[in-house]
Each structure stands twice: as structure tokens, then as C-alpha cells.
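Got your viewer open? Here's a short tour with three stops, telling you what to select at each one.

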Amino acid sequence: MPSSTECALPDCSRKAPTVKRTVHGAWLIVACLLSALAFFSPASYITPRRNGVPLTDSSELTARSVKEAALVSQYPQLSNNGRTDVVQWDNYSLVLNGQRIFLYSGEFHTWRLPVPFLWPDILQKIKAAGLNGISVYTHWGLNNPSPGVIDFDDYRALQPLFGAAKEAGIWIVLRPGPYINAETTAGGIAHWVTSQVAGMLRTNASDYTASWQDYIHGIISETTNYQVTEGGPVIDNEYTQYGVTGGAGYFADLEADYHNSSIVVPLTYNDPGEGKNFVNGTGAVDVYGLDSYPQRFDCSNPEVWNPVVTNWHDYHENTNPSQPWYFPEFQAGAFDAWGPTAPGYESCRVLTGADFENVFYHTLWASNAKLLSFYMVYGGTSWGALPFHGVYTSYDYGSAIAENRTLTDKYTELKRQGLFLRSSPEFYKTDWVGNSSTDAVTVSNPAAFAVYLVNPDTGAGFYIVRQENSTSMATTSFKLDIQTSAGSLTVPQTVPNITLGGRQSKVIVTDYTFGSSSKVLYSTAFVLYAGVIGDRDVLFLYGDSNQEHEAAITFTGTPFPKASNSRVALECKSNQETTIGFLAGINGLVTVYDSTTQLILFADTVTAGTFWSPVIPGTSGDFPNYWQFGTNTSILVGGPYLVRNATINGRTLALRGDLETGVRLTVIAHPDLDEITWNDVPVSADVQATSDLSSVGGFVGQLETKQVIAGISVPPLTNWKYADSLPEIQTSFLDANWTLANHTTTNIPFPPYYGDGRILYGCDYEYCENIVLWRGHFNATGNEKWVNLSINGGEAFAASVWVNNHFLNTSYGNSTNDRNILEETDDKFYFPQGSLLPDQDNVITIVQILQDNMGLNETGETPDASKSPRGVRGFQLDIGNFSEWRVQGKIGGYTNYPDRLRGVFNEGGLFGERQGWHLPGYNTSSWASRDLSQGLPNAMAGVGFFVTTFNLSIPSGYDVPISFNFDNGIQPYRVYLYVNGWMMGKRVANLGPQIKFPVQEGILNYNGINTAAVALWAMEATTVSPTLELAIDGIYEGGIGGVVSNNPPYSSTGRL
């Protein structure tokens, strides 16, 4: 094969013109979208722009804009919901404001990141990955904590999210439920509903319908002015249309409320299985969607895969062929369960890692899906009582963005795919031609499987290949027959084979347009980026360094001299495309072709993952930050840990982002720039490296972190203060102000097993969250031997029992990685000799945990499963009866709880919580000094509060994730970790697995005094010795900045 110097390139001997070497360009904030529920400012048609200047001459439009302009004339048969034509669709994709879009979205629950100042951080990272949307569940239980109360303040707010998303250039798919599942307590249904509504949940029962009116109308009110033309929430989620009487009518009632409001965007639904629910008939939605979790949720064997689903395309064609193929939820991680054998979220990140994304997400593309949302792109923290009983505090989910907001290898693969999609408008409209199981596609090796998609308007083709056995780790080499404008070809032609390295998928493009008019006849290398930068068409290809790749490209323009690369071989055809062979062994970035009209780059997969493509915002219109709608201008930036955004001011390109270490900065941008800055600091050019990169529009420099990084640290947690937090076990304790538990009827459809007819379910008395205490009074004869108690707390719960001040025992629920599940217990507790007071009032005290990630059940097989009977389902003395029962949960119940900012899920009923000991500013000076590692005094069972303060001094301009880390021992204790008044962790030391609890800036005051409070529950009369320390999870120079803490201090108002 000839080398690059032997190839007769057009005018390659001509001397290159003199040009400036400084260049940079826009920042990437990719994608934004709208779907069943998306919103944003009212929109009119947006004129395509370049560098903020309207492009009115069709000859100047980018290839993307030309194709989008042709869409309306070539395919006018669009559908809409009859309420707006701003959002339309056909069998291919959504059409927004006249432009066809590919929705590439990720799930983000703002309430799992209760610091609104950090929401832009997640949005910027999502856009930087090339995604163009987020999917957002709202939480009924948070927004409507008690009857008639609607709360959209602070972390419960929507409007700050809408504003931040518009600033980032991200569309929103809003999913208000009312039921959301989401591994949250009661699936998001407000706790008061589970006890006050008699009718079946999630049906059209009249009292259930009445219960969600305030919430849904609150959502409508908050959303109306932020619709893309004015709005559209998704209605319910994960439901079966015909399985429950009143279910379809429930959907119809929800739709009627939206349709009788100012919400006009389409309504969608995600079917939890291939059930064809709500496609037609009562309650049918505008756009049907399917969710899928092919690897399920056991991360114990993360290398063991389930195969890809092979019928998705056929299912779509047989279900809703006139609508675009939509996955509102596709697996992007997994939740983890309780128990010592639970593997933890890093195993979930392996199970659904970059190879999973590569194979399974490409399989979605191969099914012709054009609306995708990945659950979760950022999981966050299920703090307080947010979790349902099957999961613990962390909701990391093995996501691309970790719980502490750091980026993972999954994020890098997601970015490579996202940038391809943003660069490839021809992929937004494709016909599914066939696959290699028929004669539609021919591969030389049956171990490889290929699907062929083609754009019916431009002829661009996309062959998506994977292993026939998608779980295979074998190396499979093959050739592929492709259809091109040059006829049928077998590729590759100059290198031996196409190679799949184990669990890998590839997208082989044919007749692919890049930039304004340049053409790729075919490429077996991946496309990372294709677009116009300055006045040149730019193409960035990549592939694994241990494989060979090939592309055939029509070169144009006057080439600039470039040194040859021995691993890149060019074979020229007269007046036709040039075939480029990329041999194994390429590491780093290679300039393949550099001319007055084109720049073609190649890199190995790892190097390609270090590149970003920030979008340069437009300067006018409603959507200046939105790709396609306000701008079509982007640049390439390689090296930094994160590039958040880029702007051009005059002849200066300003880049903003984060550094983990010093890196080489590589930029491809407009050639008219004179200066590049990184976080406001000018960057000097490496002239030789810049010249090697590109003759125009290139820049190479060095970025270094500041020495201050070495001085960032966290203090040890010392000087603990201690107080007993269980005075209730004393016979002298007065509980007259507690709630009298005297109900004899309940709307909870799970009756007591035994007793005297009194209902002892916490939710019936407004105590649904976290720790609940029960005190049962009886007059003893002295002959009583035991009390029989049936206690329901959900998976992994515990309940400790005392008679008078004598500890009897602890009853344990269980879960071992979602096996051996025990949600309730039935035990006899025997009275020790001398523990009873004959002829006097005796008290049974039960400390019951409805937390430790317990929470209420999701609906499961019956909608009423969320009416969980948390409490005492049976009580019986061997002799005699109880005279009365008293119950106490968090102070004020769900109606009058005093901490309105942190909200209804933050506290439980411990004495110290009711007193406010966990809040910053509570005076503990009179308490005893006792180290947390000493546990409770006298090795007793019980509950004690440990409180300390510590100072942080994290310099501005740094993002420093911090975690609280407990010991990893198996001990019979539980801990409720409060940080500046927020319950940020529930450590269950007898089960695990969680010992690390990330706490975000904003909850932590990074420049001031912080309060840590630990409620330690020793569940046995034995010594327990927990340890706790702060840890820095990373130091990143840059960050979002401007994070303000909002941690209301102690006030006696509303407390005991």
C-alpha cells in the first residue's frame, strides 16, 4: 500500500498559505430535548445560525440545516396531538419546530441532589456528553406532603431547574407520575394518601382521584410557562392498562386534567414490558414508549450478561408503527439491595459498563429507536426516608455520573456516542432494511451480526454490527458487503478485516455527509465528530488501537503539507475518494488530511474519549444555547477532565471546565481567533505542536493545576458530645402528649393478625417516616411471661423491645441481596424475672425502624401494596390485655412538622430528633464527652446521640467531593447520619453493604463550621464501636462555583 507521501492528493505540492496559529472555539453543551413532557419557553421557528449570524442563504446552511429544511417538504405527513404543532412526529422521530431531532436523554432526579446550586453541574455534564435532554421524575410525596399543602420551594422546585436547563441548552421530559416507582417510598405516592384514601390507588376511585388533584395542578401551574410551546407532562408510569379495574379510567382522568389546562405538549407513557398498554383504547397516550432493563438488577456477577433483546424492531412495527420508536427508560445501571452479599454499586457500574453501553445502546439504534432516555445518568442520594424498603441510602445506580458527581468510564462511552448522534442528522430518519439473518446484509463470518439502516432522503447508510452471540468475549473478524453510491462493495479493501473485540459493537457508515458537503463513501472506523469549524468540514474518526480500520473519503481543497504517519496508509483513486487504512498501533491523535476545505483526524478510542465538542451559543432568539435551534457552531477540545462551556468574545475563545491533573490542551476552532483562555487564564501555544496538528484553526498548549491542590484536606472528626436518646424506656417517662393509638378501622388493606382490634399502623397516625416508637401500657399481676408482637417494617428493618427499662430483644427483618427477604416478624419477647411491676402500670416500648431504607412498598402486583402496614400487626400478652397504646414518630407528623425546608422525609421520632439535637446550633455544651468509637455506655442496648462540629476551608474554584466513611465491620448497630441537619445516611452495620456516604457541597459548608450528628442505635446489649471519618473523593480545579448552603439552624419552635 502506498504511504501518504506517495498519494497524489489534490494540489498537494502547493505551498500552504500563511495563517494564524491561534484558534479555539465554542464550548459544548450538547442537546436538549422535549418529549412527552418537555417544556421550555414559547418557541417560534429558529433560523439556523453560524456564530450567531442568521444564515438566510440556503447555500450557506450546514448540512444539518439543509436536511432539516428539506424534511417538511419531503415528509409533510406529520402527526400531532391536536393541541400544538410545535411538537410533531412521524414513524421516524420527533419533529420540533420543524426540525427532526433524535432525543438522547438521561434520567436525573433533582430531589436526590437537594442542592439546587449543583443542578447546573449535572446539566452541564449531561450536555458535555452529547446528550440533548433529561428525563425528570417529580415526587408527589415531597411536593404535596400533607392534604392541601403544595410545596415547590428549594430542592422541590421546578422553575429553577427549567431555567438552568434552558441556560445549558437541555430539553426536559417531565414525568410527574403521580406514581413514579423509582425505588422511592410508596413509589412516590404521598404518604398521607396511603392511609387516608379508601379507594384503590392508581385507579379512578373517586377519593384517589381527589387526592392527586392539588399535586397535578401544582405541576401544571409550575410548568405552563416553560413548555416548548407551553408544555407537557408525561402521565403515569409503569402501569398495566387492563389488569386492574379502573386503571384505564385513571389514565383518562389524568389526561383530562392536562387537556383541560394550559398544557399542550404530547403525553407519553413507558410500558414496563411488551404489553402494548395505552397504545389504543381508554387512556391511550400520544406517544407510546417501552422500558427495558435487560441485565436486570443483580450485580453480583457483573461479567455475566443476558443477551440483547432481538425483537424490538418487530415489536415496534406490530405495536405503534406510525409513531417514533421510544424508550423512555433504558437500563443505564441498576439499584443495589441490602445484605452482606450485596455487591455494591461499583459492581453495577461494571455490569452496565462501557461495553454494555456500546453493545446495548447500539442495539437500540439498530431497532430504529430515535427517542432514548437512560435510567439513570445521575442517580444521586436517597437521603432521609426517600428510599423504598428494598434499597439503601445511596442511589448511585452505577450511573455514568457517580453519586459524588464524578465522571466514570461509562460517561466517556456515552459521550462518544452522543457526539456522533449530534453530528449525524442523517441518522435521525432511517428505514430499517434488514439484518444478516436474511439476505439483506451479508457478512463473511456468521459469528458477526449486522443490521442495515438507510436514510430514505440522502441514501446515507448505517450498518450496526455486533457479535451474533452478544455475550461473547471472543475476537471476531469479518468482511461486510455494503451498498454505496459507488455500487456494492466488500469492505475493508486495504486492511484485512473488521474486528469485534469481545463485547463490542460498531457503526459502519456509508455515503455519510460531514460538514457542509463533504462525503465519506464508507468508514469502518467510528465517527466521533462531523461538522463545520470555521470554513472547513471537519471529520474525527476513531477506533481501538489494537485493531485495523478503513475509510474511503473524497478529499477536497488545497492540502497543506503534513508529515506522514507510518500507521496511516492512503490509496488514491483518480478524481474519486481516497481509501485510508488505519493500521494497528495508533495511539494518540493523528492528522490524516489538512486542506483549505477539510480537516480529517483519527485517534485511538481512549484518546477520542478525552475530546469534547462544546457548542458556541448563538446571540439571539429564544434558544441561543440549543444545538440546531439557536446555533450550529461547535469546536473540538481535547485533554481536560471536563469542558463545561465555550464562548467567543471578539477574537478570544473562553473555555471553562475542570482539571484533575495537568494535561495537553488541543483545540480545533475558527482560525480568526487570537487568544484562548482556560477559566479566564490565557493559554500559551506550543507552536510546533500546533503546526503539526493543523495548518489553520488548530491550537496546542499545556494546562497545569495550581499548587494549592496539595493543601486541600479535611479534618478528623473528634470532640464528640454524647446524650442518651431513649428516655422512653424509663417507667417515669410521661407519654400523655403522644398520640393515642385507638383506631379500630384502617384504609390499609392488610388487617392485624391478632390483638384486640386496635390498629397500630404508623401511617394511620401521621407517622410514616423513619423511626417510630410505640408504648403499650398494661397492669401486671406479676405472672405474665411474655408478649407476642408481630412487627412490620419492610426489608432489613429492626425493632428493639423493652419492658419498663429492661431490654428484651431485637427483632430483625432481613434481606440478603434481595433474597431471604423478611419484611415483618412474629416473635415472643420473654419478661426477665423482676422486670414487671405487679399491680402497677407497666410499659412495653418498641423502637421500630421504618427507615434504614425501609420506606413503604412500591405498588408491585397490586396498586394497594403501597398502603404498607408499617407498625405492629399483632400484640398479645400471655395473660391479660393492654390498657392503651401510644405512638410517636417525627414531631408534628406529616401535618405540622417544623422543618419545612428539609421537609417531611428528613426526620424520625427519636427523642433527640424531636428535640432538634441533629440541627446546627443546638447547644451540647452540657453533654458528656464521649468518642463515637466507644459506643453506648455500659455496653447497653439503646439509642444515643453523638454530635460534633468541624471546620472546612475548601478554596473557591475547586470541586472537592467529600464522603463520610464508617467502619466496614459487621456489628449489631444502626446509625442515622445527620450533616448540618440533613439525614444523609442510614448505616446498617449488621447487614450492609453501604459504609460510604457522599455529602454534597451546599449540605456541607465548604468554608465554615459544620455539624455532624450520629444517632447510634445499639441493637444488642453488647459493645459496639463505630468509627467515622471524612474522606476526599477527588480534587477538581474548576467546578460550578457559587454554591450556597441553606441549612436552617436549631430553633425551639415546634420542638419538644
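Which strand does Glu550 lie in? Select residues 549-553: that's strand S25, and Glu550 is part of it. Keep in mind that you're looking at a predicted model.

**Stop one: Glu550.** Show its side chain. Glu550 is buried but has no salt bridge. Which side chain of opposite charge is nearest to Glu550? That's Lys479, 7.2 Å away, and a salt bridge would need a side-chain nitrogen within 4 Å of a carboxyl oxygen. Now add Tyr522: its side chain and that of Glu550 are joined by a polar contact of 2.5 Å. Then turn on the backbone of Thr494, whose nitrogen lies 2.5 Å from a polar atom of the Glu550 side chain. To fill in the surroundings, select further contacts of Glu550, including Pro492, Ser523, Ala525, Ile580 and Phe582.

**Stop two: an open sheet.** Jump to the strands S32, S33, S35 and S36, which line up in that order as an open sheet with mixed pairing. At the edges you'll find S32 (642-649) and S36 (681-682), each pairing on one side only. Zoom in on S32 and S33 (residues 652-658): they run antiparallel, with 7 bridges between them. Pick Asn645 and you'll see Arg656 of S33 standing opposite.

**Stop three: Thr825.** Finally, go to strand S45 (residues 824-830) and select Thr825. Is Thr825 buried or exposed? It counts as buried, because its relative accessibility is 8%, under the 20% cut-off. Add Ser811, since the two side chains make a polar contact (2.5 Å). Leu789 sits 36 residues away along the chain, yet the C-alpha atoms of Thr825 and Leu789 are separated by 8.0 Å. Thr825 also touches Leu789, and other residues among its contacts are Ile791, Phe797 and Tyr812.

Conventions: Residues are numbered from 1 along each chain as its sequence is written. This is a predicted model: local features need pLDDT of at least 70, side-chain atom pairs count only at pLDDT 80 or more; totals for chains, interfaces and linings use all residues. Side-chain values use heavy atoms; hydrogens and water are left out. Helices (H or I, at least four residues) and strands (E, at least two) are DSSP runs, numbered from the N terminus. Buried means under 20% relative accessible area, exposed over 50%, partly exposed in between (1.4 Å probe, protein chains only). Lys and Arg count as positive and Asp and Glu as negative; His and the chain ends are not counted. A polar contact is a pair of N or O atoms within 3.5 Å; within protein, one must be able to donate a hydrogen and the other to accept it, and residues adjacent in sequence count only if both atoms are side-chain atoms. Contact means heavy atoms within 4.5 Å. Two strands pair if DSSP finds at least two bridges between them. Lists of a residue's contacts leave out its neighbours within four places in sequence.
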